[in-house]
Amino acid sequence: GLRQPGSALKPITYAQAFREGYTPASIIMDVETKFPGGTGEKDYAPKNYDLKWRGPVQLRYALANSINMSAVKTGARIGVEDMLGLSYDMGLTTLEPTKENMARFGLSVTLGGGEVRLMELTQAYGVFATSGIKQDPVAILKVADQKGKTMYEYKKSPGKRVLAEEISFLITSILSDNASRREVFGERSLLVVPGKTAFVKTGTTDDKRDNWTVGGTKKRVVGVWV
């Protein structure tokens with residue numbers, strides 16, 4: 001089904017920002033801001049999940065703590081089209097930067113204002129896990145007959161590079177750093193997997209209808225929607 005991903009889409013926004021020269025140390029202002037809505041439209045005034053403003057924030061902490069305003073401002077700086085382009089390259093077919101999507105999506109898309117499929121969002125996070133290589137999802141690994149003769153067996157492909165290795169590293173580093181997200185998620189976050197270095201991001205829509213957790217390690221990626 002098509003569901004709004006909430007903040008689970010933010011890592012792609014920041015990945016595109018890093019492609020365009022920003023770094024995890026780049027500063028962005030987390031202050032109340034209104035974005036012009038265009039002719040006949042209301043201004044867009046996003047709020048943070050905890051309704052707090054933090055002033056100057058490094059992008060590392062903005063992503064780790066899932067600060068909405070910082071993500072929207074970052075999306076505004078890099079441009080919605082570039083963000084959608086990377087999303088599509090990573091496997092999110094519903095976010096292709098077509099003329100129709102560009103007319104439908106605005107700055108809220110980085111907060112999950114566009115619908116995605118669970119399989120495709122998990123596939124996109126797989127790009128981070130594989131250091132930038134996109135792999136197509138596979139359901140059937142092997143088929144054998146009643147005598148055990150192999151009729152078909154999946155052979156792993158080299159995949160397609162869609163993101164630089166160093167940018168994938170930055171995203172997984174931020175999303176696996178419990179110290180960076182402790183301001184919002186606390187010292188003993190349930191996102192920590194003991195004994196593993198796991199990168200993970202949550203997402204929640206405004207009405208709490210769609211709730212996501214997506215992430216993993218270098219060998220496993222898991223996506224959950226409730």
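Colleague: Through how many residues does a hairpin join strand 8 to strand 9?
Modeller: This is a predicted model. Strand 8 covers residues 211–216 and pairs with strand 9 in the antiparallel sense over 5 bridges. One of these links G216 to V221. The hairpin joins the two strands through 4 residues.

Colleague: Which residue in the turn between strand 7 and strand 8 has a positive phi?
Modeller: Strand 7 and strand 8 are antiparallel partners over 6 bridges. V200 has G215 as its bridge partner. The hairpin leaves 6 residues between the strands, and the residue with a positive phi, about 65°, is K208.

Colleague: Which strands stand at the edges of the sheet, and why is one side of each left without a neighbour?
Modeller: The sheet is open, with 3 strands in the order 7-8-9. Each edge strand has a single partner strand, so one side has no neighbour in the sheet. Neighbouring strands are turned by 10° against each other on average, direction ignored. The edges are strand 7 (199–204) and strand 9 (221–225).

Colleague: Which helix gives the most to the largest nonpolar core?
Modeller: The core holds 45 residues, and L121 and F128 touch the most other members. Elements giving two or more residues include helix 1 (10–19), helix 7 (165–175) and strand 8. The top contribution is 6 residues, from helix 6.

Colleague: Which lysine is in contact with F128?
Modeller: Set aside neighbours within four places in sequence. F128 then contacts P11, I12 and A15, among others. Its contacts also include I171, F199 and the lysine, K218.

Note on methods: Residues numbered from 1 in each chain as written. Predicted model: local features only at pLDDT ≥ 70, side-chain atom pairs only at ≥ 80, totals over all residues. Heavy atoms only, no water. Pairing = 2+ DSSP bridges. Axes fitted to C-alpha atoms, helices over the stretch in contact; angles between N-to-C directions. Core = buried A, V, L, I, M, F, W, Y, C linked by side-chain atoms within 4.5 Å. Buried < 20%, exposed > 50% of the residue type's maximum accessible area, 1.4 Å probe, protein only. Contact = heavy atoms within 4.5 Å.
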